[in-house]
Amino acid sequence: MTPTTPTTPTTSPPQDIQVSVLRWVPPIVQGLVRDLRVRWALEEAGWPYSEHIVSQADQASAAYRALQPFGQVPAMQCDGLNLFESGAIVHHIAERSPALMPPDAEGRSAVTAWMFGALSSMEPPIMMFNVLDMIYQGPKSDDYMGLKAWVVGWVEARLDVLSGVLTGKDYVLGDFTAADVLLGTVLRILRETDYVTKRPVLAAYQQRCEARPAFQKALADHLAHFARHAPK
Ligand SMILES: N[C@@H](CCC(=O)N[C@@H](CS)C(=O)NCC(=O)O)C(=O)O
């Protein structure tokens, strides 16, 4: 496990936080694996953590399935809890860190709503596009092309809504919150396309999110981990 140092220390961070990370993934998905969201939230909160490296064999093991029932990453051990699902983990951190959630009830509900919005209204069409565009290698029949065009329309409609919401704002709720950690990392899934870059409001938003020192530190640590474990 490699300890990392936070960019923005806050008061009394929990001790001995461990975040599970895959040992190595191909470059095409480096920078997208969902431990990045958790690393970013931890950096924003200023909570130090260690990487818990998970091999393919570990993913299938009963011990790891007790932490992450689907054998995926990320899982996080923190505060005596075993947490899984990147959204739930980021929410756990956000609820305890003023860097990611405002103190007032109305503001906190808005952050939570946008966290769900990122993961249940934005990410599903974007992931479906990703599956059709990058992962599926089968025949490109007329049915496939029709489905892909439909999914592209779904993705673009969601992006248009987000672009409208972000117009005139730095972040989705004005100030930076955990919702931007999720929205920013969901938009990254489209990095091989021009769907984000051709929308100036979204392109500026993504650049703003990714220019944050906490994101830069999280990404550097995420990529350095894969570089250290690259197959020889
Ligand atoms: N909904 C889950 C998805 C987790 C997920 O898809 N993790 C991927 C990496 S981004 C994974 O572990 N893939 C390896 C596998 O499924 O075997 C979350 O947000 O945490």
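1. What distance separates the centres of domain 1 and domain 2, taken over C-alpha atoms? In this predicted model, the two centres lie 22 Å apart. The division of the protein chain that underlies this value assigns residues 3–99 to domain 1 and residues 105–213 to domain 2.

2. The interface between the domains can be described by its contacts and by its area. Domain 1 contributes 19 residues that are in contact with 21 residues of domain 2, and the area buried between domain 1 and domain 2 comes to about 1600 Å², with carbon and sulfur atoms giving 62% of that area. On the side of domain 1, L32, R37 and W40 together supply 38% of the area that this domain buries against domain 2, which is more than any other three residues supply.

3. Salt bridges deserve a separate point. The structure as a whole holds 17 salt bridges, and the count between domain 1 and domain 2 is 3. R34 forms a salt bridge with E123, in which the closest N and O atoms are 3.2 Å apart. Because R34 is placed in the loop between β2 and α1 (35–45), whereas E123 belongs to helix α5 (residues 105–135), this pair ties together parts that are 89 residues apart in sequence. The side chain of E123 also meets that of R37 in a salt bridge, with an N to O distance of 2.5 Å; R37 is, as noted above, one of the three residues that supply 38% of the area domain 1 buries against domain 2.

4. Turning to helix packing, the axes of helix α7 (residues 178–188) and helix α8 (residues 200–211) come within 10 Å and cross at roughly 115°, and the crossing in which α7 passes α8 is left-handed. The residues that make this contact are D180, L183, G184, L187 and R188 on α7, together with Y205, Q206, C209 and E210 on α8. Sorted by class, the contact of α7 with α8 has 4 nonpolar, 2 polar and 3 charged residues.

5. Two features of the backbone may be worth a look when the model is inspected. The peptide bond that joins V73 and P74 is cis, with omega at about 5°, and P74 lies in the loop between α3 (62–65) and β4 (75–78). D16 has a positive phi of about 60° although this residue is not a glycine, and its place is in the loop between β1 (3–4) and β2 (17–22).

Conventions:
Residues are numbered from 1 along each chain as its sequence is written. This is a predicted model: local features need pLDDT of at least 70, side-chain atom pairs count only at pLDDT 80 or more; totals for chains, interfaces and linings use all residues. Side-chain values use heavy atoms; hydrogens and water are left out. Axes are lines fitted to C-alpha atoms, for helices over the stretch in contact, and angles run from 0 to 180 degrees between N-to-C directions. Helices (H or I, at least four residues) and strands (E, at least two) are DSSP runs, numbered from the N terminus. A crossing is left-handed if the near helix is turned anticlockwise from the far one by less than a right angle, and right-handed if clockwise. Contact means heavy atoms within 4.5 Å. Ala, Val, Leu, Ile, Met, Phe, Trp, Tyr, Cys and Pro count as nonpolar, Asp, Glu, Lys and Arg as charged, and the others, Gly among them, as polar. Domain bounds come from an automatic or database domain assignment. Buried area is the accessible area (1.4 Å probe) that two parts lose on being put together, summed over both. A salt bridge is a side-chain nitrogen of Lys or Arg within 4 Å of a carboxyl oxygen of Asp or Glu.
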